[in-house]
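Colleague: Please take one part of this predicted model and go through it closely. I would like a connected account, from the part itself out to what surrounds it.

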Amino acid sequence: MENILIKGDHGTNFIPTVDFNAETGICELGGESYLEDTIEFYTPLFKWLQEYIVNVKKPITFNFKLRYFNTSSSKCIIDILHILRKYQEEGGEIKVNWYYDSEEEDIDDELEEIEDFMVETNLKINLLPN
Amino acid sequence: MDKAENAYQMYSDYIDSTIISYNGPFDAQVLSVIAENIEYSLSNNPRVSKKIFKIFIELAQNISYYSAEKQKNEEGNFFGSGILMLREMVDHYSFSTGNIVEKHQVLPVIQKCETINMLDREKLRQYKRKLRNMPSGTPGGGNIGLVQVALTADYPLEYEVVTVDESTSFYILNVRVNKS
């Protein structure tokens with residue numbers, strides 16, 4: 001199974017950095033996510049996860065290192081979390097980490113968003129300083 | 001002060017406080033330039049910068065998709081158009097957008113703002129989670145951006161709809177973020 005590696009960009013669109021590794025089971029999504037066509041960007045990521053779950057069947061560690069995401073990206077984050085939770089329910093081993101910027105003074109809004117993700121998906125997300 | 005001087009004073013205060021103002025199509029190129037400007041002009045206040053940036057992205061995206069007035073960009077693609085303004089006041093920043101809406105959109109637009117302003121923070125978060133769980137393309141799905149704006153701002157949404165002609169109106173939205 002191929003890995004996914006996308007270099008983030010802070011240009012016309014804010015494209016997140018993606019690093020999905022099929023050998024280690026470590027998936028990272030970082031940087032900024034504000035795209036014109038969010039679904040188009042995220043669909044291959046959903047497919048990769050589903051393929052990994054069906055074929056590789058090994059543990060997944062998902063690391064979120066997003067500094068900024070818009071509401072349409074947040075819908076896709078929810079979709080990723082739903083895929084992971086379903087895998088967990090079927091006996092898969094998963095770990096979800098959310099890295100926040102430890103130098104940032106005002107992270108109340110961010111913490112609220114992560115809490116919302118947990119409430120919405122019923123999935124445990126570990127909060128870690130980056 | 002006579003009336004003319006008064007008006008002049010008002011006008012110059014207005015101009016002095018304006019950091020960014022834009023009128024035209026909301027395409028990706030333009031939005032990235034404005035985003036850069038916001039980051040640059042608010043770089044001394046990270047809290048405000050982050051909030052205004054977040055508000056800007058959601059409102060600009062709404063205009064780009066939903067404005068009833070479309071304009072061609074340089075590449076010949078059509079995008080929703082409108083106006084946008086960022087102003088610095090004594091104790092807060094004021095971010096405003098304006099765009100044309102069709103007559104039948106006026107009531108839903110006002111109701112949307114009224115509903116959001118009626119909810120406290122906890123209820124607003126619940127509402128956001130509910131909207132987020134609706135499948136993409138569901139009517140009203142686009143409201144989530146505005147809910148996020150209300151969660152990010154420090155004051156309730158300020159809005160006004162002005163009749164332009166028989167079939168269209170102009171929808172103005174103003175959002176405030178405190179300096180500290």
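Modeller: What follows is a walk around one helix of chain B and the spaces and contacts beside it.

The model is predicted. The helix is H3 of chain B, residues 46–66. H3(B) has 21 residues. From its first C-alpha to its last it reaches 30 Å, close to the 30 Å expected at 1.5 Å a residue. How is H3(B) placed in the structure? It is largely enclosed by the rest of the structure, because 16 of its 21 residues are buried.

Now the pairing of the chains. In chain B, 30 residues are in contact with 29 residues of chain A. Between them the two chains bury about 2,600 Å². Carbon and sulfur atoms account for 43% of that area. On the chain B side, the residues that lose the most area to chain A are Lys50(B), Arg125(B) and Arg132(B). Together these three make up 25% of what that side buries. Keep Lys50(B) in mind; the name comes back below.

Next, the open space. The second largest pocket holds about 260 Å³. Both chains line this pocket. From chain A come Glu32(A), Arg67(A), Tyr68(A) and Glu104(A). From chain B come Glu39(B), Leu42(B), Ser43(B), Pro46(B), Ser49(B), Lys50(B) and Phe53(B). H3(B) gives the most to this lining, with four residues. Strand S6 of chain A, residues 60–69, supplies at least two, as does H3(B). By class, the pocket lining has five charged, four nonpolar and two polar residues.

Then the closed space. The structure holds three cavities of 30 Å³ or more. About 160 Å³ lies in the largest cavity. Its lining runs to 13 residues. Those nearest the centre of the cavity are Arg67(A), Asp109(A), Glu110(A), Lys50(B) and Lys54(B). Again H3(B) provides the largest share, four residues. S6 and helix H3 (108–121) of chain A each supply at least two residues too. The cavity lining divides into nine charged, three nonpolar and one polar. Lys50(B) and Arg67(A) thus appear in the lining of the second largest pocket and also among the residues nearest the centre of the largest cavity.

Look across to chain A from here. Glu110(A) is found in helix H3 of chain A. Is Glu110(A) buried or exposed? At 10% relative accessibility it counts as buried, since the cut-off is under 20%. Beyond its sequence neighbours within four places, Glu110(A) is in contact with Lys50(B) across the chain boundary. Its contacts within chain A are Leu66(A), Arg67(A), Trp98(A), Tyr99(A) and Tyr100(A).

Turn back to chain B. Tyr93(B) lies in strand S4, residues 92–102. Its relative accessibility is 6%, so Tyr93(B) counts as buried. Which residues does Tyr93(B) touch, not counting those up to four places away in sequence? Val48(B) and Ile52(B) are among them; both numbers fall within residues 46–66, the range of H3(B). Tyr93(B) also touches Leu42(B), a residue of the pocket lining. The other contacts include Ile19(B), Leu86(B), Val175(B) and Val177(B). Charged partners include Arg87(B), Glu88(B), Arg176(B) and Lys179(B). Pro46(B), where H3(B) begins, is 47 residues from Tyr93(B) in sequence and 13 Å away in space, C-alpha to C-alpha.

Methods: Residues numbered from 1 in each chain as written. Chains lettered and ligands numbered in written order. Predicted model: local features only at pLDDT ≥ 70, side-chain atom pairs only at ≥ 80, totals over all residues. Heavy atoms only, no water. Expected span 1.5 Å × (residues − 1). Buried < 20%, exposed > 50% of the residue type's maximum accessible area, 1.4 Å probe, protein only. 1 Å grid on protein atoms, 1.4 Å probe; cavity = no way out; pocket = protein on both sides within 12 Å on 5 of 7 lines; lining within 4 Å. Points joined across faces, edges and corners; volume = space filled by probe spheres on them. Contact = heavy atoms within 4.5 Å. Buried area = accessible area lost by both parts, 1.4 Å probe.
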